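Student: I should like to learn how to read the features of a model that holds more than one chain. Could we begin with the place where the chains meet?

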Amino acid sequence: MRSIIVMMSIAIGLFAGMAVLSLYKGMMKSRIATVVNAEIGHIQIHDTDFKKDYEPRFFIKNANTVLHEIQKIPEIKAIALRSITTGMLITPTGSAGVKINGIIPAQENGVSQLKLKIKKGKGFSEKKKNEVFIGKKLADKMKLKPGSKLVLTFTDTAGEIVSGAFRIAAIYQSDNAPLDERNVYVKIADLNELLGLTDQFHEIAIIIQDDKYLASVKKKLQQHLPQYQVDSWIDISPEMDLMVKTTDQYSYIIIVIIMIALAFGIINTMLMAILERTREIGMMIALGTSRIRVFMLILFETFFLTAAGTPIGIFLAWGIISYFNKRGLDLSGMGKEMMSSFGFNTLVYPEFPGEKLFGILVIVVSTAIISCLFPAARALKLKPADALRR
Amino acid sequence: MTNGKAIIDAHNISKIYNADTIPVYAVNNVHLHIEEGEFTALVGPSGSGKTTLLNLIGGLDKADAGNIYINNIDITKLSAGKLIDFRLKNIGFVFQSFNLIPVLTAKENVEFIMLLQGAGKTERLQRVQQLFKEIGLEDKLNSRPAELSGGQQQRVAVARALASKPRFVLADEPTANLDSKSAANLLDIMEMLNKEEKITFLFSTHDQRVIQRARRVVTLVDGAVAEDTSNTMMNGKL
């Protein structure tokens, strides 16, 4: 029974550690997927001066040449051309600073999946002009709904202030509430007309076939388009990369806390084991078992119990994580608003942290071995005559 | 007393409990000389110091005063590690409550000592078979302690005590937990080993059946030797 408790403690400790890692890995992958597929894309190309102040005059010149170069790279899956400026959104009840994205709806659906995020309204009409998508958070704040009118004011390529009246065609909601509050979408033709552009654009957002091609595609683009600024999502959103790394370290802190709890469990159980077997250990010492052998006996017992509990824990973790990896784990009960404000989807798909398995095993086995040192030391202090009297 | 055949020679040994407060002499200035081949009983009322004296002689406890020579080696001067090794090679122990390892079979319990001594598999097997034949439990080699009667467990404990081929065996109340038949059977085995293999036995007891069969009886009272007689003399009193 005691052995089963130690084995199960180790199995559950291991499961808990792997569950935490898988949850963080799933959340981070989901967040990166959101950043890449719904916000930034894998790679963006701009004029080298554009991102300094988002000035509309720094559009991509020689657009045809650029697009021709991009089409040569087979790893590229989809592109979206965007005209971008920053300005004010004004309604009769208030105003807000926004980033105005002029898009080609069909292209955008393949890159940022904008259509899938529509919560209210029907989307852009092919016939109507000056329609706008705004985020739910901004709509709530400004008390706007589909059909409401608003005015977008910004500077054109000549530096003159221009305004356009737009009607809300749809309200969208992504997993990133702050982004929803900041970004509005209009058709590129409508924006370009106000900006004084024709077929030009400021940004090319690119989706590649697989994350593993990110570095190579970026390198190719930099080589072929040296006069433009080519950035990957890591360059554009360094905070995301930092968040992934920080979360990685944070998850290890959680594992250490779990291991401390596991250690106390093992210490307690092994101390009980020694208490129960005081006579037996005393008898062994009396018969001539050296203290180092007694020490090793307890050490090996813990090691073998760990070795027995480890596959149980891994199998348990693998089974449960695989289940939720397919079905998804709904964390909306933990605060949908809060998670959304940090850019996280509440439906997380935990992923088995295979790459960290060795590290976790080292931590668990070390914890078990270290935990048994104290009980083993207690066993060494037993005097055979006293132990046999019990 | 010391004619060269001495196997145990204890001089002025004392063991004091509560030395800092109210000292209690569990063993008080005891002299004991045991020669090779003796079959000696330590007797006395409960609390007279029998087990403590056996523990001191067996090196399971440290004497507060005096010297104990086993085969001319003063075990009171040995370090804890050397004392364990000394016990393994020189002394066999039989405990009142058998103290077999419950998860091991009878054979493994006996083999355990030989494993500690580093004996090879063939040697262990031969010795185990020989010992089980002597104790009459050849058919119980693979039984676990829980599957054996008290008498059978104590016979296995005797086999274990002899596994390391010690020159003497210390037995603490070996028949205390046995019925009359098992006790007689155990004593037969011990006597046989004493006579045929010249193994020295020193055992504590207050069991009259055991005392009657001892050839020498040392009586302890309040931790001191009150009487030391041969059994022929004792029989007259009993």
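Tutor: Let us begin with polar contacts. This is a predicted model, and between chain A and chain B there are 4 residue pairs in polar contact, both residues of each pair being at pLDDT 80 or more. On the chain A side, the elements that give two or more residues to the surface touching chain B are helix 11 (278-287), helix 12 (291-327) and helix 15 (384-389). Helix 11 of chain A supplies the largest share, 7 residues.

Student: How many of the residues on that side of chain A are nonpolar, polar and charged?

Tutor: The side of chain A that touches chain B divides into 8 nonpolar, 3 polar and 5 charged residues. In total, 16 residues from chain A and 17 residues from chain B take part in the contact.

Student: How many salt bridges does the rule find across the interface of chain A and chain B?

Tutor: The count across the interface of chain A and chain B is 0, while the structure over all chains holds 27 salt bridges.

Student: How is the extent of an interface expressed?

Tutor: The size of an interface is often given as the accessible area that is lost when the parts come together. Here, about 1500 Å² is buried between chain A and chain B, and carbon and sulfur atoms give 62% of that area.

Student: Which residue of chain A has a side chain joined to that of N99(B) by a polar contact?

Tutor: The partner is R279(A), at 2.9 Å. N99(B) is found in the loop between strand 6 (91-94) and helix 3 (106-117) of chain B. Leaving aside neighbours within four places in sequence, N99(B) is in contact with R279(A), M283(A), L388(A) and R160(B).

Student: Is N99(B) buried or exposed?

Tutor: N99(B) counts as buried because its relative accessibility is 10%, and the cut-off for buried is under 20%. By contrast, I260(A), which is placed in helix 10 (residues 238-276) of chain A, counts as partly exposed at 45%.

Student: Let us turn to salt bridges. Which parts of chain A does the pair E351(A) and K29(A) tie together?

Tutor: The side chains of E351(A) and K29(A) meet in a salt bridge of 3.3 Å, N to O. E351(A) lies in the loop between strand 12 (347-348) and helix 14 (357-380) of chain A, and K29(A) in helix 1 (residues 2-40) of chain A, so the pair ties together parts that are 322 residues apart in sequence. E351(A) is partly exposed, with a relative accessible area of 25%, and K29(A) is partly exposed at 46%. Both belong to a network of salt bridges that links K25(A), K29(A), E351(A) and E355(A).

Student: What is the corresponding case in chain B?

Tutor: R167(B) forms a salt bridge with E36(B), with the closest N and O atoms 2.8 Å apart. R167(B) is in the loop between helix 5 and strand 7 (168-172), and E36(B) in the loop between strand 2 (24-35) and strand 3 (39-43) of chain B, so this pair ties together parts 131 residues apart in sequence.

Student: Finally, how many residues has the largest nonpolar core?

Tutor: The largest nonpolar core has 79 residues, and those with the most contacts inside it include L32(B), I57(B) and F203(B). Helix 5 (residues 150-163) of chain B gives the most to this core, with 7 residues. Another core lies apart from it and has 38 residues, among them V66(A) and L214(A).

How values were computed
Residues are numbered from 1 along each chain as its sequence is written. Chains are lettered from A and ligands numbered from 1 in the order in which they are written. This is a predicted model: local features need pLDDT of at least 70, side-chain atom pairs count only at pLDDT 80 or more; totals for chains, interfaces and linings use all residues. Side-chain values use heavy atoms; hydrogens and water are left out. Contact means heavy atoms within 4.5 Å. Buried area is the accessible area (1.4 Å probe) that two parts lose on being put together, summed over both. A salt bridge is a side-chain nitrogen of Lys or Arg within 4 Å of a carboxyl oxygen of Asp or Glu. A polar contact is a pair of N or O atoms within 3.5 Å; within protein, one must be able to donate a hydrogen and the other to accept it, and residues adjacent in sequence count only if both atoms are side-chain atoms. Helices (H or I, at least four residues) and strands (E, at least two) are DSSP runs, numbered from the N terminus. Ala, Val, Leu, Ile, Met, Phe, Trp, Tyr, Cys and Pro count as nonpolar, Asp, Glu, Lys and Arg as charged, and the others, Gly among them, as polar. Buried means under 20% relative accessible area, exposed over 50%, partly exposed in between (1.4 Å probe, protein chains only). A nonpolar core is a set of buried Ala, Val, Leu, Ile, Met, Phe, Trp, Tyr and Cys residues joined through side-chain atoms within 4.5 Å.
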